[in-house]
Amino acid sequence: MNLRLRKADSADMELLFAWANEAAVRANAFHTEKISHEDHERWFEKMMADAEAYQYILCEGGRPIGQIRLNVKGREATIDYSVASGERGKGYGSAMLRLIQEQLAADHIQQIAKLSGQVKYGNRASSRAFEKSGFLKKELPESLLYEKEIIR
């Protein structure tokens, strides 16, 4: 696999919109309603302007495979990621979770001391990806929480 993360740019808005509205993505999201194009445009513009949000596209060669975003609050970053429908089950989720840790160093993002991700019960693929990537699991009443301290 020739995988790399690249920073998202304005040309990725439609791609992220399509991925966000895939049936499996909506089913595994905490807000399962379909996203309107208008709401997505507003969210995308706000996210791209947010200095505490880091959005990346996972590419194999030049082909987009998935997306991963870090939303930073203080010294912790919450992870949101998804893999394109035709690419699931190939290990891209755990690859993205490993690559994002390398990206922190590459982009000189020093303030993050912990990564975390919340997974709905029943989303076994995401649970496996976090566990395979060395995240520790905590069971919460409504979901699973995966956390990993960043060692530099």
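Okay, one term before anything else: "partly exposed" here covers whatever sits between buried, under 20% relative accessible area, and exposed, over 50%. Keep in mind that what we're looking at is a predicted model.

So take Gly-91. At a relative accessible area of 32%, Gly-91 falls between those two cut-offs, so it counts as partly exposed. You'll find Gly-91 in the loop that runs between S4 and H4. If you want a feel for distances, go from Gly-91 to Pro-141: that's 50 residues along the sequence, and 28 Å through space from C-alpha to C-alpha.

One more loop residue while we're here. His-108 sits in the loop between H4 and S5. Its phi is near 55°, which is a positive value in a residue that isn't glycine. And His-108 has 63% relative accessibility, so this one is exposed.

Right, let's go inside. As a general point, nonpolar side chains in soluble globular proteins tend to be buried together. In our model the largest nonpolar core has 30 residues, and the members touching the most other members are Ile-68, Leu-70, Ile-79, Tyr-81, Ile-112 and Leu-115. Who contributes? Strands S1, S2, S3, S4, S5 and S7 are on the list of elements giving two or more residues, together with helices H4 and H5. Which of them gives the largest share? That's H4, with seven residues.

Let me zoom in on Leu-70. Ignore the neighbours within four places in sequence, and Leu-70 still contacts Glu-52, Ala-53, Tyr-54, Ala-77, Thr-78, Ile-79, Ile-100, Leu-104, Ile-112 and Leu-115. There's also another core apart from the big one, with 10 residues, including Ala-8, Leu-16, Met-47 and Ala-84.

Now the aromatics. The count comes to four aromatic pairs. Start with Trp-43 and Phe-44: the ring centres are 6.3 Å apart and the planes meet at 55°, so we call that pair tilted. The two partners don't share the same burial, by the way. Trp-43 is partly exposed at 32% relative accessible area, whereas Phe-44 is buried at 3%.

Then there's Tyr-81 with Phe-130. Here the centres are 5.8 Å apart and the planes are at 70°, so it's an edge-to-face pair. What I like about this one is the connectivity: Tyr-81 is in strand S4 and Phe-130 is in helix H5, so the pair ties together parts 49 residues apart in sequence. Are these two buried or exposed? Tyr-81 is buried, at 15% relative accessible area, and Phe-130 is buried too, at 2%. Both belong to one aromatic cluster that also takes in Phe-135 and Tyr-146.

Last stop, the largest pocket. Its volume is about 1,300 Å³. The lining runs to 43 residues, and those nearest the centre are Val-25, Gln-67, Asp-80, Tyr-81 and Ser-82. So Tyr-81 turns up again: it's among the best-connected members of the largest core, it pairs with Phe-130, and it's one of the lining residues nearest the pocket centre.

Where does the lining come from? Helices H1, H2, H3, H4 and H5 each supply at least two residues, and so do strands S3, S4 and S5. By class, the lining splits into 17 nonpolar, 16 polar and 10 charged residues.

That's my tour, thanks.

Terms used:
Residues are numbered from 1 along each chain as its sequence is written. This is a predicted model: local features need pLDDT of at least 70, side-chain atom pairs count only at pLDDT 80 or more; totals for chains, interfaces and linings use all residues. Side-chain values use heavy atoms; hydrogens and water are left out. A nonpolar core is a set of buried Ala, Val, Leu, Ile, Met, Phe, Trp, Tyr and Cys residues joined through side-chain atoms within 4.5 Å. Buried means under 20% relative accessible area, exposed over 50%, partly exposed in between (1.4 Å probe, protein chains only). Helices (H or I, at least four residues) and strands (E, at least two) are DSSP runs, numbered from the N terminus. Contact means heavy atoms within 4.5 Å. On a 1 Å grid over the protein atoms alone, a cavity is a set of points where a 1.4 Å probe fits but cannot get out, and a pocket is an open set with protein on both sides within 12 Å along at least five of seven lines; lining residues have an atom within 4 Å of a point. Grid points are joined across faces, edges and corners, and a volume is the space filled by probe spheres set on the points. Ala, Val, Leu, Ile, Met, Phe, Trp, Tyr, Cys and Pro count as nonpolar, Asp, Glu, Lys and Arg as charged, and the others, Gly among them, as polar. Rings of Phe, Tyr and Trp (its six-membered ring) pair if their centres lie within 6.5 Å; planes under 30 degrees apart count as stacked, over 60 as edge-to-face and the rest as tilted.
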